[in-house]
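The exercises below concern the domains, the helix packing and the ligand shell of one protein model. Please work through each task before reading its solution.

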Amino acid sequence: MSIVSSMPTAPQRRGACPTLDAPMQTGDGLLARIRLVGGQLTPSALAAIAALAAEHGNGQVEISARGNLQVRGLTPASTAPFADAVRTIVAVEQGLVVETPPLAGDDPTEISDPRPLAAAIRVLAAPLHDQLGPKVTVVVDSRGQITRAGLKADIGLSASAPGRWLLTIADQSQNELSEADAPAAVLAVLRQLAERGTGARGSDLVPSGKPNTAKVSATIGVFNRTRGIAVGVALPFGASDSSALIALADLAASHGVAAFRLAPQHTLLAIDPTTGFAASTAELGFVTDPSDPRIRISACIGSAGCASGHVPARAIAEKLAASLPEGTHLHVSGCTKGCAHPRRAALTLVGWPDGYGLVINGTAGDTPQTVLRADQLESAIGPSGQG
Ligand code: SF4
C-alpha cells in the first residue's frame, strides 16, 4: 500500500459530489460513492464490498435514486484503506459522469445503443475534466424499457429515431443530431461550461424553461433483455446493511445470477436468475413489488446505527409504510440533518429528543408544524392526517 493512498483524505463538504477517494461528510460519517465501470458487478463483488462497508464504515450500503452505489459511515482514517480494497474487487470509473440506462445495448425495445456515443463523449471530455464541476452529468438515453428520463442532466442525448439524437441542455430541448455529429455537439457545450469555471452547470447556459416532469421508469419486476431477462429488486428505503446484501448476493449466486446492474430507483437488476429468485429476495426484505409503499419512503438508519439519531428511523418507516397514502413521499429522519433525503418531501418525520417533528412540504431541518408522540404517527401520516 502506498504512503500517499493510505493518508487520511480530506472529506468534502456536504453538497459536493462524493467519490471513492474524497467522500462527503454526512451526519453519520463519510459517504463514498463507487462508480463502477459499466455500472455492473458480480454477486461475489457485491458481497465483498458489503463486507468492506462493515469493516471500514457503518455497514450501510446504498443504491441512490440515480443508481449509484454508496457506502456510509467511513472515517478519515478508513477512507483510503477502503478505497484501496474496493479497487482490488471492481474497476472504478473516473472522469466526466456519462450515464446510460442500465440495460443499454441489451434492451430489445431501445431505439439506438447509447454506449458508443457515451464512450466517445468520455474520451472527448477527458482533457476538460479538471475544468468541469464534479456534478456535471451527461445522460445518453436509448429510450428503452428503463430510461433515464425524469433524472436531471446538464447535457442529454435522447434517442429520437435510429441514429438520431435529441440534444438537451438542463433538460431543455435544443436540436436533433445525427449520431456522427452528437459527440462534437456535446463537447461544444462542455467547453462552454469549462470556460465558465467549475461552478457552471447546464442551467447557466440556457434560459430556464419547463422543469423536467418526465416520469421516472419503473425498475422493479421482470424486464426482457436481447437474450434473457433481468429482474429488478430494490433496496428498502434505498439502503441495506451489509449482512442483508451479502445474503442477497449469496441468493443470487445460487440462482445462477452472473451479474447485477445498478439501476435508478435504488434497484439492482439481476441478470438471468432462475425461477423463484424474486420471491426469495422478498423474504429477505428486499422490494420486489412495484406497488410496495416502501418505494415512496426515504429513511436513514437513525438511532439504530447513528450516534446523532433520536429515533430508529428505518424501523419506524417500516411500521408506517402500510399507512402511507398513495402517491405521498414520506421521509423519516433520525435527526434534523436529513441524511437520507436532503431535499423537501411531502411529509417528513424528524426525530427530536422529545418526540417526532412533523414537517409538511419541507426538509428535516425545517421547523416542524407539530411534535408528535410515537402513538400519533400512523394517524398523522394516514390519508386524513394532514388536513
Ligand atoms: S440520525 Fe439519520 S439524519 Fe441524523 S445524522 Fe444520523 S443518519 Fe443522518
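**Exercise 1.** Give the domains into which the protein is divided, and describe the side of domain 1 that touches domain 2.

Solution. An automatic or database domain assignment divides the protein into domain 1 (3-94 + 221-283), domain 2 (103-204) and domain 3 (293-381). The residue numbers start from 1 along each chain as its sequence is written. The model is predicted, so that local features need pLDDT of at least 70 and side-chain atom pairs count only at pLDDT 80 or more, while totals for chains, interfaces and linings use all residues. Next, the C-alpha centres of domain 1 and domain 2 are 25 Å apart, and 10 residues of domain 1 are in contact with 10 residues of domain 2, where contact requires C-beta atoms, placed from the backbone, to lie within 7 Å. On the domain 1 side, the largest share, three residues, is contributed by strand β11 (residues 221-225); strands are DSSP runs of E, at least two residues, and helices are runs of H or I, at least four, numbered from the N terminus. By class, this side has six nonpolar, two polar and two charged residues, with Ala, Val, Leu, Ile, Met, Phe, Trp, Tyr, Cys and Pro counted as nonpolar, Asp, Glu, Lys and Arg as charged, and the others, Gly among them, as polar.

**Exercise 2.** Describe how helix α4 packs against helix α5.

Solution. Two packed helices are described by the angle between their axes and the distance between the axes. The axes of α4 (residues 115-125) and α5 (residues 182-196) come within 9 Å and cross at roughly 40°; axes are lines fitted to C-alpha atoms, for helices over the stretch in contact, and angles run from 0 to 180 degrees between N-to-C directions. That makes α4 oblique to α5, given that angles under 35 degrees count as roughly parallel, over 145 as roughly antiparallel, 65 to 115 as roughly perpendicular and the rest as oblique. The contact joins Leu 117, Ala 120, Ile 121, Leu 124 and Ala 125 of α4 to Ala 182, Pro 183, Val 186, Leu 187 and Leu 190 of α5, and its residues comprise 10 nonpolar, no polar and no charged.

**Exercise 3.** Determine how α2 is oriented towards α6 and towards α3.

Solution. Take α6 first. The axes of helix α2 (residues 43-56) and helix α6 (residues 242-254) approach within 8 Å and cross at roughly 165°, and the two helices are therefore roughly antiparallel to each other. Their contact residues divide into 12 nonpolar, two polar and one charged. Turning to helix α3 (residues 76-87), its axis and that of α2 come within 10 Å, again crossing at roughly 165°, and α2 and α3 are therefore roughly antiparallel. Here Ile 49, Leu 52 and His 56 in α2 meet Ser 78, Pro 81, Phe 82, Ala 85 and Val 86 in α3, a contact with six nonpolar, two polar and no charged residues.

**Exercise 4.** Which residues are the closest to the ligand, and how does its shell divide by class?

Solution. The ligand is surrounded by 15 residues, of which Gly 27, Cys 306, Gly 309, Gly 334 and Cys 339 are the closest; a residue is near a molecule if its C-beta atom, placed from the backbone, lies within 6 Å of it. The shell around the ligand has six nonpolar, seven polar and two charged residues.

Notes
Two residues are in contact if their C-beta atoms, placed from the backbone, lie within 7 Å.
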